Every structure is written in structure tokens, then in C-alpha cells.
Amino acid sequence: MQKSVRYNEGHALFLSAIARKEGTKRGYLSKKTAENSRWHEKFFALHQNVLFYFENEQSARPAGIYLLEGCTCERAPAPKMSTTGKEALEKQHYFLIMFGHDGQKPLELRTEEECECDEWVEAIQQASYSDIIIEREVLMQKYIHLVQIVETEKVAANQLRTQLEDQDTEIERLKAEIIALNKTKERMRPYHVFHENDDPDIKKIKKVQSFMRGWLCRRKWKIIVQDYICSPHAESMRKRNQIVFNMVEAETEYVHQLYILVNCFLRPLRMAASSKKPPISHDDVSSIFLNSETIMFLHEIFHQGLKARIANWPTLVLADLFDILLPMLNIYQEFVRNHQYSLQVLANCKQNRDFDKLLKQYESNAACEGRMLETFLTYPMFQIPRYIITLHELLAHTPHEHVERKSLEFAKSKLEELSRVMHDEVSDTENIRKNLAIERMIVEGCDILLDTSQTFVRQGSLIQLPSVERGKLSKVRLGSLSLKKEGERQCFLFTKHFLVCTRSSGGKLHLLKQGGVLSLIDCTLIEEPDANDEESKAGGQVFGQLDFKLVVEPSDSSSFTVVLLAPSRQEKAAWTSDISQCIDNIRCNGLMTSVFEENSKVTVPHMIKSDVRLHKDDVDICFSKTLNSCKVPQIRYASVERLLERLTDLRFLSIDFLNTFLHTYRIFTTATVVMDKLADIYKKPFSSIPIRSLELFFATNQNNRGVDHMNDKSPRLCRKFSSPPPLSIPSRTTSPVRTRKLSLHSPITARVGGLDLTSPLSNSSVNNNTSQSAGSSPTSAQTPTPQTPTPTTSSPPPPPSSTSPPPNNSKPTQDQVPPIPSSPDQSPCSTAEGEDVPRIDPFCGKMRRSILFTNSERTCDKEFIIRRAATNRVLNVLRHWVSKHSQDFEMNGDLKMSVICLLEEVLRDPDLLPQERKATANILKYSETQIYTKTCSRTNKQHCSELWAEGVKCFESLSAMELAEQITLLDHIVFRSIPYEEFLGQGWMKVDKTERTPYIMKTSQHFNDMSNLVASQIMTHTDVGSRANSIEKWVAVADICRCLNNYNGVLEITSALNRSAIYRLKKTWAKVSKQTKALMDKLQKIVSSEGRFKNLRETLKNCNPPCVPYLGMYLTDLAFIEEGTPNFTEEGLVNFSKMRMISHIIREIRQFQQTPYRIEHQPKVTQYLMDKTLIMDEDTLYDLSLKIEPRLPA
């Protein structure tokens, strides 16, 4: 008879009580009985690996116990039942507990809540100790494997023991033989001693043998050492040591910069804040220099540790230093977050004259080397990325089995996390520094530059044409010296303002008294002269279509026009494109603000603030804390789909985002994808803006309708329409001003009406169409609101036609009407008095008259408004893409055809507004003609190359000025030929760099050729005096290159003079004058690579184009960015912060590329500079140098 299993009932009751009170999981579950398959509700309690169930929650004794160890738990499907019970079953959630041994039936349970079911499954799965069992099995397998290894080792040990015993026996035998041989030798020793003493030849032989043995030993050891020196391990260690030495030098420089920041600025300003008349408060000092002193102390400790490690060379262990440094680097996070605010506080403090005077006194300290306080405050921003690059290089030369490999990888990961936070702050900080630098250059100061939302776009030299009478414009000539001297202006374009300055002889800038600061919201850009305007026609003939106009209509003064002349067509296209983008962006934001925030002073539109997709992180996008020019958070990481969505958002378009996207899109997508998205937005515009925002748009528009029309002169109306709408509404009133042909926006105020921005019609035809629209408008037969009658007269209109010829009586009308847009009070909607007209919103009224609807229900058609906005956005993006990134279309014929097809499809749209049709036609014309233009340009360049190679002139017959000018011209031609796509992806560092970046390689080759030419020309002279004269002449050429802002040429010449073949010529350098040597030291200091070209960077910041910078400096920056951060995150999102930094560097390069030199080409000089037969290689130069001045005997 089988006995029952005994168990401790008291202990079981004790465990059940604990489970009921403190169990891991407790609650009611339905349990299926095994007998009749019915479900009963029980109270279950789980404690450790034991599951108790009770009849109810108050039961003291459990009804059953289940041991869960080794079991599995999973969700089970609902059992099949009839349709009547199907609805009830769908509300139940089943799960099954299966035990690990045979004979035990599964336990079926169910709950009413899905989340509760998941929680029970997870809790039971943990209580089954399945993970521990799996781990035990893994450990058991390892134990068995180790046992097998031990047994194998025991067998091997026995075999070795046997071998040792055999060897002992053999050793004893050999010892006996040695003893016997020694005895034999002792018996023969007298004979040998006597023989050796008598035979000197034996001694010589032994000496030779000893010498040979020593030589062989030394030779073998030398081979071993040489093999190690040439081994990859030794090469890696040498590079690793060099990285550490460079790191120590950089750290020394950084600690010195922090020392200057603290001792020359922070501590003196603290003392000044404690004076009787403090120019600054202690709070402002703390805000400007937050954590600066702590950072200095931290890096002094780190620097001392590095120097101690260098003292223990060649053993260089750095991981423990980074372990100490890492926990304290969080202070950088606070510094970065505070950095923008610190520059704002500094800008505000500089408005105090006493503080500004005191600060200039501190900055004049010799230790500052001419650098401003803002420069020193920015140095810590770049320290963390520098550490990341250093650790990346260290890890590349650290073996995987190295003792500090893991510590270095951990330090690198922590620094990268900190760097991600800092990257988002760099763009805004650089912009503020640029604004402050420009503000300091202006003698009168400029308050608008202290606005942190003011983003710098571009700068350059333009000529401002004087105001002349009609018909006398031909008296002013482009080449006149007085016009160039008196009319040259230094212009600065920002997102909100346009500055026009004159430059004094000392280099300082002065704002013009009238028109020095132009608010872009009051400006209208006129790019092309009007074909029917005699004055514009004459100006176009005189200036070669290089002039453009800004019509300024300020609200508090009379309107005026600023006429500017660009040095070239490319320069004009760049300026007008940027100005147009700024005006478009401001006006779009202004309309949104006026429509959605009537009763609020907040600058961000309400519909943008209400869209959480624009500022809340999601799985496919991550935002930074900084705002762009549209007051929207900048994108940090995003998927390609979200970036395309931002590109085509109808509500705003950030210039910085558009430039960044078009510069870098090929890294993460293709041009075909971008074109497909633009085509989608044009065909399906409602997909480009959230539905919630559309509802807000039209709801707000309807609520405001009729309220502001009550009083046409009210401040509310003026404020509401102080900014123009997002799409241009053509005016049918008379205006001789033809605005920019590609712009789709125009101002609508209480005084200024809508403009036809692109209409090619003369004023008379406009008047004619005005009468037609007045007659055919659905509101023309009703009474107008109180308005001034339209001051135009015309004959009865013919049928409506946009191309109808002008009547003969239009000429006098044109002369009478002033060249400014007419007001809405002079709208063609005006009819006879006494008639009624419904009160409508001026914007909607303009739209109705523009599109000539006959059905009154379509006057406020939502779909039509959004379609016009979508067309406007697509044309804006295409215009910017085609005009500023034309290389994309030169290399991709399919892309060009896609653009042309899309534009042709837009032209076929029957509802297209006239200005949209004209803009589309202009973009289409530009895109179709650009291949021919580029081909002609390439042909001209080839012709110049052939001309340069015709002959060679003598160096002595050329002046230093001629050489410097032609070197600058050649350097700029080579520099501007580099397409910006070659700066992406570090192609110049790849194996196939010649195919990937041919123009960068050509620039590098040109640099080497020019440097070799300088060195070769010096070495051709046989006498010392001629060589010294050549050196002095080339230094003079380098100085003229500096004056011409050709720093690439300066580096070409100085690097040639520093070559070993020339530098070693002591007799020659002794003949060079002290002034020349001092000048050369000055030039070398400017272009020195010390501190990542810090002197050259400072010089370029204060430099006005045209300029030829050193390309290697930018390539180093791009490599720094590429290696420091990945293109994509682990989740596959595009690192758009990195794209923004790359774009900023490319834009700076293109700014220097786009501004040409006004230097006349001289073939006789370029023939000499381009002659390859004069160039010697490095070995030939050094051999010639040794021949001229042989080495001195040791």
C-alpha cells in the first residue's frame, strides 16, 4: 500500500498567511475545475514560488497549493463556444500554467482585465525560476567542460612526469661522461699549455673567433630590434605616444586660455562690482562667468596629472586620469546651457559706457592677444569634442587586450553623451558672436544686433547708386572712380534687418544716416528692371543688369528707394535670393502672428504653438532647447520623413533649415525623394499641415472677419495687416514699380495695397484689367464701404484677358501715378455711392477680385487658399534649390527633367495666379538655360588654361604687385571651382579620393605647385645676393597677398620658405634684411596651425570678402565633426545637429567662393606661374641646396 506524502501543515498555513498579506501578486481569478470543466472564482496569492488559492479573501486556510518551480506560463486563446456566449468570452482573458513534470495537468485561469492577465503571467513566469534553471544548466555545462579540461591536464601531467624521469636518467648518464672527459682533458693539459705558449697563431685564431661570435650576436640583436621598430605594434605605440604629446600641448594651451579668462576678466570684474560706482553687478558677473573658475581649477589638476604621466614615459597610462575627470565634467553642461544667456547678459552690460570702456581696457591686455571676451567664453564649448577626437585616436592605436582599453571606451561614451547636449548650442552661440563682432565694428553701435533672435545671413561690399533724375541715369558709369569710392558700402543681411554702412580709413564702420538700418518687413525687393520703365531700361544698359532695388515704406516716415549694385551676376543672384527668403519668412510669420494672436503679444503663432509635433519629442524626432529664426525648436535628430515634412510645412520656412537641408540632404536621402515630396505637396497640399492647425486657421479667420473692417483706420487693422499674406494677391491698381520677378509675397496694410509681383504688363494694361475686374466682380454692383474713389480713368473694358494690349491713353496716367503701390482704399471694388456691399475681410476681398470668382460660395474656399499656399511653398523651395544649388542639376539630368516636368505641370493649373505663373515660368527658364551657361563657363576656363601655358616670362621682370595679384586670381579661380558636395563624407581622406573629390585634390595640387615654384625660383640663383633678393621679393608678394585677403597664397609662400632646402641656407638668410625677417614672422604667425589656426580664424572673422582662405583649415573642421559624431543615431534617425554644423562651414566656404576679385588677368604673369617646367622636386631642391652651401664638417 502506497503511503501519502507528509508535509508540515503549520508551516504551509504560515506561508499562506504571508502570501495573503504580503504576496507578490494577489487577486481574484477564475479557475477551471478538472471534473466538470466549470469555472469558479477563487482568491489567489503568490509568494515566492508557491501559489495559494482560497475560497475568498477572508479565508484563513488555503483551498490549494501549487509549487511553480520549473513551470511555464503563457497566454491562452479563448475556448470556442456558441455565438450566444461569444460576446461574454471576448471580455475574458485566459492564461495557462503548465508544470514541468508528467502527471500534472495544466492549470487554466482567466481574468477580466487584459493588463491584469499580463501582470499575472509575468509574475508567475518570474516565480517559476526559469531563468535560474537556465543559468544552472549553463553553469552545469561549463562545469562539465572544466572537468574534462582537468582530466585532460592530469593525463598530460602524468606524461610530462614520465618524460622528466627519463630526462633525469639521461642527465645522470651525461654527467658521468663529462666527468670522464674532464679526467682525460686534465691528463692532456700540460701538452696543450706548452703548445699554446709556443704557437701565437692559435691565439690569433681564437681572437678572430671571439670577434666573429660577438659580431654575430650584435647583428642578431640589431635585426631583432629593427624588426620590432618596423612592426605594426611599434608604429601604433609611436602614434599613440604622439597623440598623448599633442594632447598635453593642447591642454597646456587650454589651461592658459582659462587662466586669462579668470585672471584678466573674471577677478577684475568682481573687484569692479564691489567698487563704490560698480559698472556691473555681482549677479551679472556670475551669469557671464558661470563655472569658469571651477573649470580652470579642474583642468589645472588634469594638466598636472598629464605632465606627471609624461615624466613616466614610455609607460603612458591615462585611463585613471579620465576616471577622475569624468564625474566633474557635468559642470560643462551647466556652462553650455548658460552660454547663450551669458552672451546676452554681456551684450546688455556693454550698453553701459563705463562697462564697455572697462572691458576694452581689459581686452587691450597683451596676454589677450587682441581677442575679445566673447572669444574666451567660447573656448570651453569646443573642449569636450576635442577630448572625444583624442580618445577616438587613442583607441585606434590601443590594442584590444590593453589594460586601459575598456576605461578609455567608457570615457569616450560618456563624453559623447555630454557632447550631444553641447552640439545644439554651438550654432546659436556662433551667431551671437558674429552679431556682437559686427556691432563692435560699428562706431555708432546698433541695438538691433543685440537681439538674439537676429540671425546673420551674409555680408559683402555693394555699391549704392546716388539718387538721380529720370533720364539722367546714363551719366553715372559703373567704372567711374568717384562712384566706386563714394558709393561703396559694406552691407550686412540679417533675418529681420538689412544694414548699410560706410567704412572709414581706420577700418571702422558707420551706419548711413538715412537708410542705414532697413527693416525687411517694410521692404519690397525689385530684382529686375521694368522693360517699360525708361529709367530702369537705361540703368540696365549702364550697369549690365547688376543693380537691384529695395523699396522701403516705413510706417512712421515717407517711403524711399535704395538702389544697390552688385559686382557680378552671381553675387547679385546670391544677395537677391537671400533677401527674398528673409522677407518671405518674416511676412509668413507676421501673418500667422496677426491672424492667430490678435489679443496676445507672444511672437510664436498660436497654430504653431498648438501643434505638439513641432516641439515635443517622439520616436521619429528629437528637438533641442534652442529656437530657430521662426521661434520653433531646432531639430536635433529626426527621420527622413519628418525632415521632409518640415521642409514642406506651409506655416513657416526657416532659412537655416532650408540651407542645411539642401547642403546635406544627399547624406541621408536622394534628390528623387525630395522631388517626389515636393510633387506630393503640390498635388495633395492638405497632407502638409495638421488638421487641428487647419481648423484653428479657418476658425480664427472667420471669427476675426468683419470686426476689423468696422474701422479701416483703427490701430487693430494696421497691426493685423502690417505683414503681408503667405501668397501674393495681384493688385489691379496702377503701379509703375515692377517688383522681384520670383517673389510671391507683397505687403497689405491700411495704406499699401497688394502688388502684382511678377506681372509683365505695363501700367495701362493693369488699369484696363482693373476696370474689367471691377465690372465682373460679384461685389461690383453693391455699395462699397466708405472709401476714396479710384483715381484712374480708362475706356470701356474689352473682355477679360491678361494679355490684352494697353490703350493709348495709358501714358499720361503712368506719369501721374507715383511709383508706390496704391492703398486698399483705392481698390477696384469701389463703385457708385449708395450701393451696398457686404463687409468682408480685406484679405478675402482681395483674393476674390484677383481670381474673378463668379460663384460667391467659392470666395472663401479653404481648399483654394491652402493650394495657393502649397504652390507658394513648392516654388520657394525650387527657386532656392535651382538658383543657389545649381550643381545638383548639372550632375543629375533626371533631377533636372523632374523639376522641369513639375514646373510645366504647375503652369497647366487653371487656377494659378498670375504672379505664380510668372514665377514658375522664370524658374523654368533658369533651369533650362543653366547647362548651357555652365558649359560656356567651362569652355572659357579651358581657354584660359591654354593661354596660361603659351610661354614663360622672367621672374625679375615681374613686379611683386603683379605676382601677388595673379597668384590671388589663380588661387580664387581654383578655390571657387570646388563644388560643395565634395565637402561631405571626408572623401579627400579615402583611397579613391581622386575620383570622389577631384577639385579638392586639384586645389591641393595647385598649392603644392605654387609652393614648389617659389622654392625652385630661389634655388636657381647661384650667388648669395640674388637668392636673398628673391626671398625678400617673395616675402613682399606674401604681404601683398595678405592685404588682398589671400591667406592661401601667404601660406603657399611661407611654407616654401620654411622648407629644409631653403631654411638651411644660413649664408643666404644672413643677407636678408631684418625688416623682411620680421615681416615673415608676422605672416607666419597669422597662418600658423597652432591652436587649430586660431589666429587665422580671428583674421577671417574680421575679413570682408573677397577672400581666399586656407582650405585645409575647413577640411580639418569637417573631419573633426565627421569623426566626433555619427550621421545616424542607434534608432536610425538623422543627426541633424551634425548636418547643421556641416552646413555652417560649407556656407562660410561658399560665401568666400561667391565673391570674386576685381583683378585684371595678365597673361604674361600667369604664363610664368603656370609653367610646370620651372618646378623642381624635393630631392632635387635639397641636392642643389647642399651644392650651394655644403654641410660643415663635424
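**Overall fold, two sheet regions and a surface patch**

Of the 1194 residues of the protein chain, 50% count as buried. This figure, like the others below, comes from a predicted model. The protein chain holds 43 helices and 18 strands. Among its contacts with a separation of 6 or more, 71% are between residues 24 or more positions apart. The accessible surface adds up to about 60500 Å², and carbon and sulfur atoms account for 54% of that area.

A good place to begin a closer look is strand 14, which spans residues 547-552. Of its 6 residues, 5 are buried, and the strand is therefore described as mostly covered, where buried means under 20% relative accessible area. Strand 14 pairs with strand 13 (residues 523-526) through 4 bridges, and the two run antiparallel. It also pairs with strand 15 (residues 560-565), again in the antiparallel sense, this time over 6 bridges. Val-551 is a handy residue to find on the screen: it stands opposite Thr-524 of strand 13, and it also stands opposite Thr-561 in strand 15.

Further along the chain, 3 strands form an open sheet in the order 16-17-18, with antiparallel pairing. Strand 16 (621-627) and strand 18 (1134-1135) stand at the edges; each has a single partner strand, so one side of each is left without a neighbour in the sheet. Strand 16 is joined to strand 17 (residues 633-638) by 4 bridges, and these two strands run antiparallel. Within this pairing, Phe-623 has Ile-635 in strand 17 as its bridge partner. A helix accompanies the sheet as well: helix 41, made of residues 1136-1154, lies across strand 17 and strand 18. Its direction makes an angle of about 115° with strand 17.

The last stop is on the surface, where Val-208, Phe-211, Met-212, Trp-215 and Leu-216 form a nonpolar patch. Together these residues have about 510 Å² of accessible area. Met-212, one member of the patch, lies in helix 5, which covers residues 200-229. Is Met-212 buried or exposed? Met-212 falls in between and counts as partly exposed, because its relative accessible area is 38%, while buried means under 20% and exposed means over 50%. The value for Met-212 also fits its place in the patch, because patches are made of residues with over 30% relative accessible area.

Definitions and conventions: Residues numbered from 1 in each chain as written. Predicted model: local features only at pLDDT ≥ 70, side-chain atom pairs only at ≥ 80, totals over all residues. Heavy atoms only, no water. Patch = residues over 30% accessible without salt bridge, like charges linked within 9 Å, V, L, I, M, F, W, Y side chains within 5 Å. Areas by Shrake-Rupley, 256 points an atom, 1.4 Å probe, with all protein chains shown as cover. Salt bridge = Lys/Arg side-chain N within 4 Å of Asp/Glu carboxyl O. Buried < 20%, exposed > 50% of the residue type's maximum accessible area, 1.4 Å probe, protein only. Pairing = 2+ DSSP bridges. Contact = heavy atoms within 4.5 Å. Axes fitted to C-alpha atoms, helices over the stretch in contact; angles between N-to-C directions.
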